[in-house]
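Here is a friendly walk through one protein model, written for someone who likes to see where the side chains go. Please keep the structure open as you read.

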Amino acid sequence: SLTIPNLIVSDHEVTRGEYKAVMGKDPSTGIGYDKDGNGLGVADLNNPVIDVNWYDAIVYCNKRSMAEGLTPCYSISDSTDPEVWGTVPSSEDATWDSVICDWTANGYRLPTEAEWEYAARGGDKSKGYIFSGSHNAKDVAIFNEKTPQSYNVKSMKPNELGIYDMTGNVFEYCYDWYGNYDNASQVNPTGPAKGEGKVIRGGSWNFKMRSCRVSYRNATYVDYKNDYCGLRLVVQN
């Protein structure tokens with residue numbers, strides 16, 4: 001069976017406001033919506049941050065860790081300081097792709113795909129739900145039958161672990177390269193050494209309901225920015 005070491009999973013996707021507080025700006029486009037579907041304008045900071053790629057996500061993780069006095073998890077060319085890494089690449093970059101994760105560090109990082117699915121399914125309290133927290137997607141997920149854009153985080157019901165939006169709203173980046181997914185009898189697998197893109201999980205506001213299933217897998221290129229991918233943070237407990 002799959003074993004996941006002690007982990008603290010954020011109960012919400014990183015918001016525009018949280019991203020702006022660390023990075024100095026909100027790159028997100030599109031109008032945010034509240035839980036009742038009312039448009040709040042492009043400056044709504046309680047919606048999940050979007051228009052960030054996978055490289056941006058690991059920079060944010062380390063910068064937020066440093067800002068809060070935690071040990072950063074990611075290193076590139078033997079440095080954990082994103083300022084040393086230089087400008088975030090606008091195309092796939094071999095140096096950035098060789099990032100190393102210190103799994104023992106207490107800073108923020110992206111979940112592995114196995115960690116993400118474990119949390120989405122409710123961990124040891126899993127009831128076998130099709131979606132994260134329910135068999136009915138409309139209880140827990142924002143998807144394209146409901147909204148013209150993402151909603152404020154925590155607009156829908158949480159799963160049994162108290163975690164919101166693990167199905168719908170925006171896809172969430174995982175650490176892993178996309179590849180064969182066989183996590184049986186492993187301790188916290190971290191995915192293949194290389195792949196065509198990084199794993200995204202959880203479905204999105206502009207994808208169909210089936211993408212919100214906890215079993216659904218997809219991937220995106222490391223340099224690709226769009227309005228349907230965001231991120232969720234985890235830390236070792």
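The sections below cover one helix, the nonpolar cores, the salt bridges and two buried loop residues.

## About the model

This is a predicted model, in which local features need pLDDT of at least 70 and side-chain atom pairs count only at pLDDT 80 or more, while totals for chains, interfaces and linings use all residues. Residues are numbered from 1 along each chain as its sequence is written, and side-chain values use heavy atoms, with hydrogens and water left out.

## Helix α2

Let's begin with helix α2, residues 54–67. Helices (H or I, at least four residues) and strands (E, at least two) are DSSP runs, numbered from the N terminus. The 14 residues of α2 should span 20 Å at 1.5 Å a residue, and its end C-alpha atoms are indeed 20 Å apart; the expected span is 1.5 Å times one less than the number of residues. At the N-terminal end, N53 acts as a cap, with a side-chain oxygen 3.1 Å from the backbone nitrogen of Y55. After the helix comes G69, whose phi is positive, near 75°.

The helix is largely enclosed by the rest of the structure, because 11 of its 14 residues are buried. Buried means under 20% relative accessible area, exposed over 50%, and partly exposed in between (1.4 Å probe, protein chains only). The buried set includes W54, D56, I58, C61 and R64. Among the elements covering these buried residues are α1 (16–23), β4 (74–75) and β6 (171–177).

## Nonpolar cores

A nonpolar core is a set of buried Ala, Val, Leu, Ile, Met, Phe, Trp, Tyr and Cys residues joined through side-chain atoms within 4.5 Å. The largest one has 40 residues, and W54, I58, Y74, L110, Y173 and L231 touch the most other members. Two elements, α2 and β6, give two or more residues to this core, and α2 provides the largest share, seven residues. Apart from this core lies another, of eight residues, among them W116, A119, C174 and V199.

## Salt bridges

How many salt bridges are there? The count comes to 13, where a salt bridge is a side-chain nitrogen of Lys or Arg within 4 Å of a carboxyl oxygen of Asp or Glu. One of them joins K225 and D56 (3.4 Å, N to O). This pair links the loop between β8 and β9 to helix α2, across 169 residues. K225 is partly exposed at 43% relative accessibility, whereas D56 is buried at 9%.

Another salt bridge pairs E172 with R232, their closest N and O atoms being 2.7 Å apart. E172 sits in strand β6 and R232 in the loop between β9 and β10 (234–236), 60 residues apart. E172 is buried at 0% relative accessible area, and R232 is buried at 1%.

## Two buried loop residues

R109 lies in the loop between β5 (100–101) and α5 (113–120), and is buried with a relative accessible area of 1%. Its side chain makes a polar contact with the side chain of E115 (2.9 Å); such a contact is a pair of N or O atoms within 3.5 Å, and within protein one must be able to donate a hydrogen and the other to accept it, while residues adjacent in sequence count only if both atoms are side-chain atoms. Beyond four places in sequence, R109 touches residues including C61, Y74 and R232, where contact means heavy atoms within 4.5 Å.

N226 is in the loop between β8 (217–220) and β9 (229–230) and is buried at 5% relative accessibility. A polar atom of the N226 side chain lies 2.9 Å from the backbone nitrogen of C229.
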